[in-house]
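Work through the exercises below with the sequence and the structure open beside you. Try each task before you read its solution.

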Amino acid sequence: MISLQAEHERNVVAAVVSTAEANDGARRGEGLLYLDGKMLPLSYLSPKTEVRESEIHGHGLFAIADIAKDEVVAVKGGHIVDRKTLREKITPQLGPVEIQIDDDLFVAPVTDEEREFSMLYSNHSCNANLGMRGEITFVAMRDIRAGEELTHDWAMTDDDGYSVECKCGAPNCRKILTGKDWQRPELQKRYAGYFSAYLARKIGAHCHSE
Ligand SMILES: C[S@@+](CC[C@H](N)C(=O)[O-])C[C@H]1O[C@@H](n2cnc3c(N)ncnc32)[C@H](O)[C@@H]1O
Ligand SMILES: [Zn+2]
């Protein structure tokens, strides 16, 4: 466990500041919280994960140890912002860094400095192995072996107007992803119990009104 933790800490980019710069206790500096000489990440990544290059896109999140079904893999942290703020202020500066948590609410870093401390690097896959518990917690939807890329399906988190080409490479790839994929009956069935809570509520309401 100690070596996994050490490995994980290497992957949280620039997470450690010199003890000369930080006090022993908690303090605030440049907008980030320091504790015991370290900048505190805004998000949580399991020590069983690491960030490295992905064949899907850029960097991805990978398992470096076996992970059991329903184990917590990551928790997204940041600021809670509305869609207007995200689209007008955050995305142009930081790129895609958010997770949607309700119709008009997102969790995201808001400064360059916060970006690395909030990013989870989980890519989308149409054959995802992570699902949601609540709105910000990512859990394993099945047992995951060390070495596998940790992915979620944006259908589990997003209710939006986009349409984008998928590069996940899975045999069951949908090729085109839309922000309304949560409405697809086959995905509602496959991801039952793993949708973001705000989408699960909509799916429930949908089913009961039919
Ligand atoms: C939060 S980032 C994930 C981490 C990203 N790979 C990186 O290195 O920063 C989400 C972005 O990754 C890319 N991406 C992730 N999964 C993808 C997929 N299956 N197909 C195409 N692009 C994908 C898209 O550009 C998307 O906006
Ligand atoms: Zn795909």
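**Exercise 1. Describe how the contacts in the protein are spread along the sequence.**

Solution. Begin with what a contact is: two residues are in contact if their C-beta atoms, placed from the backbone, lie within 7 Å. Among such contacts between residues at least 6 apart in sequence, 62% join residues at least 24 apart.

Before going on, note that this is a predicted model, in which local features need pLDDT of at least 70 and side-chain atom pairs count only at pLDDT 80 or more, while totals for chains, interfaces and linings use all residues. Residues are numbered from 1 along each chain as its sequence is written, and chains are lettered from A and ligands numbered from 1 in the order in which they are written.

**Exercise 2. State how many helices and strands the protein has, and what share of its residues is buried.**

Solution. Helices (H or I, at least four residues) and strands (E, at least two) are DSSP runs, numbered from the N terminus. Counted in this way, the protein has five helices and 16 strands. A residue is called buried if 20 or more other C-beta atoms, placed from the backbone, lie within 10 Å of its own, and buried residues make up 34% of the 210 residues.

**Exercise 3. Work out the strand order of the sheet that contains β10, and find its edges.**

Solution. Two strands pair if DSSP finds at least two bridges between them.

1. Strand β8 (residues 79-82) pairs with strand β10 (residues 105-108) in the antiparallel sense over four bridges, and here V81 has F106 as its bridge partner.
2. Strand β9 (residues 99-102) is joined to β10 by three bridges, and these two strands also run antiparallel; the bridge partner of Q100 in β10 is F106.
3. The connection from β9 to β10 is a hairpin through two residues.
4. Put together, the three strands form an open antiparallel sheet in the order β8-β10-β9. Each of β8 and β9 has a single partner strand and stands at an edge, so one side of each is left without a neighbour in the sheet. From one strand to the next, the twist averages 40 degrees.

**Exercise 4. Place helix α2 relative to this sheet.**

Solution. Helix α2 (residues 83-94) lies across β8 and β10, and runs at about 95 degrees to β8. For such an angle, axes are lines fitted to C-alpha atoms, for helices over the stretch in contact, and the value runs from 0 to 180 degrees between N-to-C directions.

Notes:
Buried ≥ 20, exposed ≤ 12 C-beta atoms within 10 Å, placed from the backbone.
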